[in-house]
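Hi,

Here is the structure I promised to pass on. Have a look at it first, and then read my notes below.

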Number of protein chains: 2
Amino acid sequence: MSVSIQQYEKLKNKLQQIADIKYAAALLQWDQETYLPPKGNDARGRQIATLSEISHQQFTDEKTGNLLQELINCHDLSNTQKRNIQLSNDDYIKSKKLPSAFVRKSSEVINKSFHSWISARKENNFDLFKNPLQEVIEIKKQEAEYLGYSEHPYDALMNEYDKGLTVKFTDELFSSLKPELSSILAEIKNCPQVENNFLHGHFDKSLQWNFGMNLLKSMHFDFEAGRQDISEHPFTTNFSSKDVRVTTRIDENDFANMTWSCIHEGGHALYEQGLPDEEYGMPLGEYCSLSIHESQSRLWENCIGRGLPFWTHQYLPLQNLFPEQLKNIPLDQFYNGINKVSSSLIRTEADELTYHFHVMIRYEIEKLLIDGTIMSKDIPAIWNELYDKYLGVKVPDDKNGCLQDVHWSHGSFGYFATYSIGSLYAAQFWSAIKKDILNVEQMLISGNSLPVFQWLQQHIYPFGRYYSSAELCKKATGEILDSKYFIEYAKQKFYDIYKKLHQ
Amino acid sequence: MSVSIQQYEKLKNKLQQIADIKYAAALLQWDQETYLPPKGNDARGRQIATLSEISHQQFTDEKTGNLLQELINCHDLSNTQKRNIQLSNDDYIKSKKLPSAFVRKSSEVINKSFHSWISARKENNFDLFKNPLQEVIEIKKQEAEYLGYSEHPYDALMNEYDKGLTVKFTDELFSSLKPELSSILAEIKNCPQVENNFLHGHFDKSLQWNFGMNLLKSMHFDFEAGRQDISEHPFTTNFSSKDVRVTTRIDENDFANMTWSCIHEGGHALYEQGLPDEEYGMPLGEYCSLSIHESQSRLWENCIGRGLPFWTHQYLPLQNLFPEQLKNIPLDQFYNGINKVSSSLIRTEADELTYHFHVMIRYEIEKLLIDGTIMSKDIPAIWNELYDKYLGVKVPDDKNGCLQDVHWSHGSFGYFATYSIGSLYAAQFWSAIKKDILNVEQMLISGNSLPVFQWLQQHIYPFGRYYSSAELCKKATGEILDSKYFIEYAKQKFYDIYKKLHQ
């Protein structure tokens, strides 16, 4: 074994041990959301904190830095090895930029802010959250300075979720999207509205569970390498690519809730199951970016899972499962109903089109907070103004307004944009899939999503962090992200639904 | 704060962080037995190994030793603080006795032996296990030498499970028990046998589950600080005294399987829930010994859970749950059936009386293996001979003989005796409870086990490792362990059952 290989194995060994600790912490968190008895919460909190501290200590240890420094100058390694070293070195340098006193302070501030958000939301009173949130904002501003940026401090924060993402790029993207979206929405407004009341009958819990499990199976979720459980908020987590877990929630009065969250998390999970197992603990074993991760959930949830071909196959079994609720609803009415477009207050309940405005509102507010133009106290007024301007809805209170999302209380500034960007990537990938696989929709009609899964296995899953989001998109579709694919997709789908009604 | 208190807090902080890591590893193991998808096994193995290594490293660190050395000379601390220091120091000294190369070797040997036991059992062929087992035995002999002992090398191994337990004490205990047990069994043999076929009808899984959950509730298991799940082999584990988990298994053709394993694990779990929460991570927050732990499971499983008073209350609900299976079985017939005494091949299926012979056989064989009188190759012959001699049963093959238990493949030499000793403690505690609580059986008849629970909360649970098994027993019952309590209990119970039939 050459010296380089020996040192590389040493690095791999170290990073894999750190991954062991991180994944253990992730299991503790999964358990906290699924099975933890209530009195176990305090001990669990400290257990997770201890593991996080150890993994952080081990990664930021000088020895890691020295090993990386040695390896960065080794030229007799494979491309994937070099890329792992380079990415690990980037991570290491970044982690050293934040002083440990700052990291500790940051976690205290966020902890306080999270608890005050819980109270504020419960009391429907933003004032209770205002000061702790401003502290978080100050921390994030400081963090941006530590991390560094070339144009906008917010760039540094967005980079945490999608390396290379900038305000400039996102501004342009959203500027191209906004007028197009508005014009589609205006056209839809002129059409009769579709009905979706049938989604809100009574749908038995265990029947819904079974249906969701079958949806995951039909998507090629590998139950030998994962599982589904119930939690209050659906999420996907993993402890290796061979142990990927999704959760769902079931509302007996809302069939949609479970169904599309199940498909959404399933899309995330397929990505995690598809990451290369041999790169366990290494950057190439990790997902590319949150934007790409979200593209995987949205592709399945929306492009496929709210598509007519998919339901042409799935609808009959569903009708058979809930005959009373659905026997009088023909497929096209069902399809229209699950794609109803309507401005609303709550992001997580929004349709595919208005969703982007929810994100853009948050993105704009975050930019203003981070560059210091506004303070946390200004949020409710701006929030309500933008909801009126972009979505034409009046926000009745902060609970249904600026207190609805957990993200800010967690310090997740720079995160929201990846939701929209993920949807745009999804549409672009979907367009490529339709080009690459002849008759893909015909296949979906016959219940066969395997070719889609295989396309993703070929073009998205195996690369981990080898490529950036932009590079991966270019490699998979021939061009970098362009919102035109989403616009085309939206026009075709929603005009078809709404204009038909017009005729 | 005095210097002593400061240093004590430093120790506490360190030990609690180590506990965080150990409990995290325990959750990973719990998950492995309950919910882990099969392909996740490899990564899980390495994650548990990494956490174990880190907690071991942190505990055996020189810094821990120095801190303990400082504290051991501090006199201005409370008795509980001093005891925590003393016990931690004992643990530290013990952990330093095993060289790390030996610990690594040991874990490799055990890993190999475990896998070969699985194959040997599957193939019903002891030869496949013979050599790996002898390697384990050599490791355990070496371990005994490292740990040190004054009389018998096996003492060193028994001490791992019950500090202070010796061959001398156990030999005497078993010598007093053996003839008495044999004479009870001889008397029983002269009586007509009881019937228990009714236990083997068809008992619906979910009804059994509900009944088990109610049993745990009736025992005062705190479901806010614990839960029950399904696993292949029932066990109890905990990640703090506020998160104690039991598992059970359900055999639809054997009602007894779930019922008494549920009560057994429940007894273990009450002990863990009763340990002092403020001593999290400290010796006084840990159970006294495996013998005392087993006394808690056996007390509930046998003294209470196979008693007539308990079932006088529980039987009607049970009959109502399974009317078809039990409507023609009156209470006394049920009670006799669940206490049927009959020599058998499998330890885990044995009744309260013959159980001890299963343990004594293993104890005798282990002593001979550890002092080098016999080798692993000699086990099947001796095993079969002793089963014939003590229990009068012919062992048909190794699967139903010396390959039945996992313990040896895990290197758990010195463990088995604690099962019998635990039962003897249970009988002695039960005798004290009946003396201390007037009408306790009348209370159980009316479904009230609270006074028993409270007695245990007063006399057993709160002390952690403050007392040794012997001291705890003396404190709770006025004398050290004496097998006469078990003999009395056995005579009274089983003569009552069997001699009545004679009349």
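A helix here means a DSSP run of H or I at least four residues long, and helices are numbered from the N terminus. Keep in mind that this is a predicted model.

**One buried valine**

With that in mind, start at helix α6 of chain A, residues 127–147, which is where A:V136 is found. Is A:V136 buried or exposed? The cut-off for buried is 20 or more other C-beta atoms within 10 Å. A:V136 has 27 C-beta neighbours inside 10 Å, so it counts as buried. Leaving aside residues up to four places away in sequence, A:V136 touches A:V109, A:I110, A:S113, A:W408 and A:G411. There is also a long jump along the chain here: A:V136 and A:H410 are 274 residues apart in sequence, yet their C-alpha atoms are 8.5 Å apart in space.

**Two helices**

Over in chain B, have a look at helix α5, residues 100–123. It has 24 residues and reaches 35 Å from its first C-alpha to its last, close to the 34 Å expected at 1.5 Å a residue. Which residues of α5(B) are buried? They are B:I110, B:S113, B:W117 and B:A120. What covers them includes α6 (127–147) of chain B. Right after α5(B) comes B:N124, which has a positive phi, near 55 degrees.

Back in chain A, helix α8 covers residues 167–189. Its 23 residues reach 31 Å from first C-alpha to last, close to the expected 33 Å. Buried in α8(A) are A:V167, A:T170, A:F174, A:L177, A:L181, A:L185 and A:I188.

**The sheet in chain B**

Next, the strands. Chain B has an open sheet of three strands in the order β1-β3-β2, with mixed pairing. The edge strands are β1 and β2 (236–238) of chain B, each of which pairs on one side only. From one strand to the next, the twist averages 25 degrees.

How do the pairs run, parallel or antiparallel? β1(B) and β3(B) run parallel and are joined by five bridges, while β2(B) pairs with strand β3 of chain B (residues 244–248) in the antiparallel sense over three bridges. β2(B) and β3(B) form a hairpin, with five residues between them. If you want to trace the partners on screen, B:T236 is bridged to B:V246 in β3(B), and B:T237 has B:R245 as its bridge partner. B:R245 also has B:R227 standing opposite.

How many residues of β3(B) are buried? Five of its five residues are, so to speak, under cover. Both faces of the strand are covered, with B:V244, B:V246 and B:T248 on one side and B:R245 and B:T247 on the other.

Two helices are worth viewing against this sheet. α1(B) lies across β1, β2 and β3 of chain B and runs at about 20 degrees to β3(B). Helix α10 of chain B (residues 255–274) packs on the sheet too, touching β1, β2 and β3 of chain B, and its direction makes about 170 degrees with that of β3(B).

**How the two chains meet**

Finally, the contact between the chains. It takes 30 residues from chain B and 30 residues from chain A. On the chain B side, α1 (3–34), α2 (41–60) and β1 (226–230) each supply at least two residues. The largest share, eight residues, comes from α1(B), the helix that also lies across the sheet. By class, this side of chain B has 16 nonpolar, six polar and eight charged residues.

How are the two copies related? Chain B can be laid on chain A with an RMSD of 0.0 Å by a turn of 180 degrees and a shift of 0.1 Å along the axis. The copies are therefore related as by a two-fold rotation axis. In chain B, the C-alpha nearest that axis belongs to B:A24, 3.5 Å away from it. Of the interface residues of chain B, 100% are also interface residues in chain A, so the copies meet through the same surface.

Cheers

Note on methods
Residues are numbered from 1 along each chain as its sequence is written. Chains are lettered from A and ligands numbered from 1 in the order in which they are written. This is a predicted model: local features need pLDDT of at least 70, side-chain atom pairs count only at pLDDT 80 or more; totals for chains, interfaces and linings use all residues. The expected span of a helix is 1.5 Å times one less than its number of residues. A residue is buried if 20 or more other C-beta atoms lie within 10 Å of its own, exposed if 12 or fewer, and partly exposed in between; C-beta atoms are placed from the backbone. Two residues are in contact if their C-beta atoms, placed from the backbone, lie within 7 Å. Ala, Val, Leu, Ile, Met, Phe, Trp, Tyr, Cys and Pro count as nonpolar, Asp, Glu, Lys and Arg as charged, and the others, Gly among them, as polar. Copies are superposed by least squares on the C-alpha atoms of residues with pLDDT of at least 70 in both. Two strands pair if DSSP finds at least two bridges between them. Axes are lines fitted to C-alpha atoms, for helices over the stretch in contact, and angles run from 0 to 180 degrees between N-to-C directions.
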